[in-house]
Amino acid sequence: MLPRWARQVAESPPPGPFRAGFWRSPLRGPWFTAVLSVALLPGITLMFLTGLASYAAYNPNLAPGNDTTPDKGLLGSWLPGWPAGPSWLYWVNQGVHVTLGLVLIPIVLAKLWSVLPKLFEWPPARSLTHLVERASLLLLVGGAVFELVTGVMNIQYYYAWPFGFYQAHYYGAWVFMAAFVVHVAFRLPRMVTALRSRSLRRELRTPLSATTPEQPDPDHLVSPDPAPATISRRGALGMVVAGALALLGLSVGQSIGGAARSTALLAPRGQDLGDGPTDFQVNKTATEAGIGPVGDGWRLDLRGAASRSLSRAQLLALPQHTARLPIACVEGWSTGVQTWTGVRLADLAALVGAAPDTSLFVESLQRGGGFGSATLSAGQVRAPDALLALRVNGVDLTADHGFPARVVVPALPGVHNTKWVSRMTFQPAAGSQP
Ligand SMILES: Nc1nc2c(c(=O)[nH]1)N[C@H]1C(S)=C(S)[C@@H](COP(=O)(O)O)O[C@H]1N2
Ligand SMILES: [Mo]
């Protein structure tokens, strides 16, 4: 039993949002919340799976230059290696992850609005179970907001936080997913009941004049003192769908790349392009990366069982291979498919007598910070279309596209397709440090 003072506190909520009469929208109710949940359930599941796949694509078990997550332990080390094909694998995965994340924003906001009175529930805790449940909702809502906000800030290149995006977004995803699984397990039956309480089809035919509140529910989502409706349920749901479609339409072009890029008005990157055949999206220009003009003195420092130093002319004299591949960035944009020509990584491995199971550490001319190095797995090195590209779309690489040479590997995240390559080290066992 609660002491008397506690019962008094419980029975007299502070004024404002803590009182049930404060919340008067006639649209709030279990059915409305459940409809939004139905959209979020597969959406969030797909976000988690594509996020995990993206993490695996970084090859968390390959070091160095790829994954930088400290103490990832069981959260990361069980992930399988990432294949070097089909070439569109990372393109599609990351396009879905980023575009879907944007599309879900209006749905998440509507869902949070629909349960907002619960945030001000009074008393704050009725029992220990109730307290634990509310704490788990804090992780659920906090986790969802954290993942969406950090995700959007990251694709907008707005790094206004004291932590690394990559680690925080990954750990945050696990915290959120744990709370999400618990939430779904407890609420699924209520969602199903709520969905059965009304017919979506009939609701979509109901105008404002016939919009009435749902039946009072045990969760107190339905207002005890509803105001007259100012928008119908179909109007409110239509607004959410319109918002989601607008975000889709204004951002999906950056994931598709090529000509579609110009439709992506929400894409943060301007059109940092080359001319003519090299007229496709550049992430970081040579100037931004601090790469000055590269002259005839450039040599590729190739290391394996033996070492070789190769000029660009010598590389061009080796057998050339052409592959049509997209470059797809973790931030969801893509170059679209381009035609790359250069030397197979496998041929370079053979040139310095590297064994077939060696991984490859790639370094660039870039100094300090940035994405100037990467490690590729043995499978990625051996892929027939994995290249040290010297030319693109029939012309020499431009400085912005990575002249004198850049790595291009099918299905590899853009960040590992190192530009301005200076040194390549084939290392015996995957994961060993050079
Ligand atoms: N040396 C170097 N290589 C790099 C980068 C970089 O900053 N420096 N950016 C990477 C990233 S994050 C991506 S998505 C691709 C983009 O290639 P693009 O700029 O040619 O479009 O290049 C990768 N290669
Ligand atoms: Mo990237």
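**Exercise 1.** In this predicted model, find which residues come nearest to ligand 1 and describe the polar contacts there.

*Solution.* Start with the shell: 19 residues surround ligand 1, and those that come nearest are Gln281, Asn283, Gln366, Arg406 and Lys419. Next, sort the shell by class, which gives ten polar, six nonpolar and three charged residues. Now look at individual atom pairs. Gln366 places a side-chain N or O atom 2.5 Å from a nitrogen atom of ligand 1. For Lys419, a side-chain N or O atom is 2.6 Å from an oxygen atom of the ligand. Gln281 takes part through its backbone, where a polar atom is 3.0 Å from a ligand oxygen atom. Finally, check the cover: on its own ligand 1 has 530 Å² of accessible area, and the protein covers 99% of that.

**Exercise 2.** Work out which parts of the chain the salt bridge between Glu203 and Arg233 ties together.

*Solution.* First the distance: the closest N and O atoms of Glu203 and Arg233 are 3.4 Å apart. Then place each partner: Glu203 belongs to helix α7 (residues 200-204) and Arg233 to helix α8 (residues 233-256), so the bridge joins parts 30 residues apart in sequence. Both Glu203 and Arg233 are buried.

**Exercise 3.** Decide whether Asp301 is buried or partly exposed, and do likewise for Arg303.

*Solution.* Begin with the pair itself, a salt bridge whose closest N and O atoms are 3.0 Å apart. Buried means under 20% relative accessible area. Asp301 has 22% relative accessibility, so Asp301 counts as partly exposed. Arg303, at 34%, therefore counts as partly exposed too.

Terms used. Residues are numbered from 1 along each chain as its sequence is written. Chains are lettered from A and ligands numbered from 1 in the order in which they are written. This is a predicted model: local features need pLDDT of at least 70, side-chain atom pairs count only at pLDDT 80 or more; totals for chains, interfaces and linings use all residues. Side-chain values use heavy atoms; hydrogens and water are left out. A residue is near a molecule or strand if one of its heavy atoms lies within 4 Å of it. A polar contact is a pair of N or O atoms within 3.5 Å; within protein, one must be able to donate a hydrogen and the other to accept it, and residues adjacent in sequence count only if both atoms are side-chain atoms. Accessible areas come from the Shrake-Rupley method with a 1.4 Å probe; for residues, only the protein chains shown count as cover. Ala, Val, Leu, Ile, Met, Phe, Trp, Tyr, Cys and Pro count as nonpolar, Asp, Glu, Lys and Arg as charged, and the others, Gly among them, as polar. A salt bridge is a side-chain nitrogen of Lys or Arg within 4 Å of a carboxyl oxygen of Asp or Glu. Helices (H or I, at least four residues) and strands (E, at least two) are DSSP runs, numbered from the N terminus. Buried means under 20% relative accessible area, exposed over 50%, partly exposed in between (1.4 Å probe, protein chains only).
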